[in-house]
Amino acid sequence: LNLKTVTVRDRIDDGDGKYHYEVNKNETMLAREKQNMIKEKFKEWLFSEPERRQKYVEYYNETFNNIRLREYDGSHLQFPGMNPAIELKPHQKNAVARILLGGNTLLAHCVGAGKSFEMMAACMEQKRLGLANKTIMVVPKPLIGQTASEFLRLYPSANILVATERDFEKSRRKQFVSRIATGDYDCIIMSHSQFEKIPISAERKERMLNEQIEEISYAIDEMKERNGERWTVKQMESQKKKLEEQLKSLSDESRKDDLITFEELGVDSIMVDEAHNFKNLAIFSKMNNVSGISSSGAKKSTDMQLKCQYLSEINDGRGIVFATGTPISNTMCEMYVMQLYLQKAALEEMGI
């Protein structure tokens with residue numbers, strides 16, 4: 001009933017009051033057979049009575065099986081200013097249409113399907129149609145130069161600002177970030193680590209940590225009421241302590257870099273290439289048999305989550321584009337993390 005697999009172990013005495021356990025393969029197999037029989041029986045029982053069957057089929061359909069994905073057609077798009085020698089493929093035009101019409105988007109095509117061009121075209125179209133003023137394109141460090149030259153190959157007249165290695169050195173960082181804030185660029189290209197160096201305001205961080213602490217406290221109370229397994233409560237309490245410590249350290253570290261904060265840059269859209277680099281986000285859950293749930297996330301992922309939340313708030317669910325050839329490589333949790341970045345509101349609506 002709890003979705004656990006049965007294993008039968010025999011206790012073997014070693015003498016002197018010591019003992020150890022060994023797995024009994026035969027019995028284990030028989031027990032698992034029985035377990036499967038119970039599962040099958042339950043299925044049969046569920047569907048055996050027409051009323052019962054209808055009730056649960058209806059519940060399933062109304063809760064989950066009710067979403068028809070929208071098809072986007074970009075064949076009508078014109079792309080003024082684009083290099084006439086380059087013709088986007090139909091799937092690339094559809095992807096741009098999806099970004100323009102559908103809001104936050106995950107471009108999860110396979111490697112080599114032209115995700116970069118999709119992002120660049122969408123970036124210029126967003127700007128031209130007044131859907132976004134300033135877009136930051138975040139790419140892995142080795143790809144900065146290549147991305148910039150590709151951008152200019154696609155849009156020769158684009159006004160782009162490219163962050164060099166030296167722009168984020170302590171002495172020049174302020175100057176560069178001010179250029180982002182004051183200039184009117186079609187696109188600003190920088191690396192993952194540079195993007196992380198643009199701070200988000202302390203108030204926003206504090207607010208998010210407080211929300212998480214509240215969520216966990218609520219879950220702990222609920223578990224205690226139900227007299228849940230001790231260890232999950234223990235885990236959650238240690239998690240809560242961690243968050244509270246983070247809050248403390250936040251209020252202690254008075255702004256190390258008195259840089260302009262991310263919110264003050266006037267950036268209202270980000271495009272993140274190789275977005276799977278941000279999949280290590282802290283997830284809280286009461287379930288214990290799901291692989292991939294880690295309560296300690298990477299700093300850069302938390303930073304990205306804060307910035308995504310900010311953009312979703314000011315833009316009403318648009319302006320974030322993630323591109324990656326491997327959106328899910330290990331566990332289901334990675335799918336959830338991507339959704340947290342891109343469609344938090346939809347998850348909340350579904351009660352997930």
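Reader: In what order do the six strands of the open sheet come?
Author: This is a predicted model, so take what follows in that spirit. The sheet is open and its pairing is parallel. Its edge strands, each pairing on one side only, are β3 (105-107) and β5 (160-162). Neighbouring strands are turned by 15 degrees against each other on average, direction ignored. Reading across, the order is β3-β8-β7-β4-β6-β5.

Reader: Which residue in β6 does Ile136 stand opposite?
Author: Look at where β4 (residues 135-139) runs parallel to β6 (residues 187-191). Four bridges join these two strands. Across from Ile136 in β6 you'll find Ile188.

Reader: At about what angle does helix α6 run to β5?
Author: Helix α6 covers residues 170-182. The helix lies across β5 and β6, and its angle to β5 is about 165 degrees.

Reader: How far apart are the end C-alpha atoms of helix α8?
Author: Start with the count: α8 (residues 202-225) has 24 residues. At 1.5 Å a residue, the helix should span 34 Å. Its buried residues include Met208, Leu209, Ile213 and Ile216. The end-to-end value agrees with the expected span, at 35 Å.

Reader: How many disulfides does a search of the whole structure find?
Author: Take Cys187, which counts as buried because its relative accessibility is 0%. Its closest cysteine sulfur, in Cys123, is 4.1 Å away, so that pair is too far apart for a bond. Cys308 is in no disulfide either, with the nearest cysteine sulfur, that of Cys187, 16 Å away. For the whole structure, the search comes back with zero.

Notes. Residues are numbered from 1 along each chain as its sequence is written. This is a predicted model: local features need pLDDT of at least 70, side-chain atom pairs count only at pLDDT 80 or more; totals for chains, interfaces and linings use all residues. Side-chain values use heavy atoms; hydrogens and water are left out. Two strands pair if DSSP finds at least two bridges between them. Axes are lines fitted to C-alpha atoms, for helices over the stretch in contact, and angles run from 0 to 180 degrees between N-to-C directions. Contact means heavy atoms within 4.5 Å. The expected span of a helix is 1.5 Å times one less than its number of residues. Buried means under 20% relative accessible area, exposed over 50%, partly exposed in between (1.4 Å probe, protein chains only). A disulfide is a pair of cysteine sulfur atoms within 2.5 Å.
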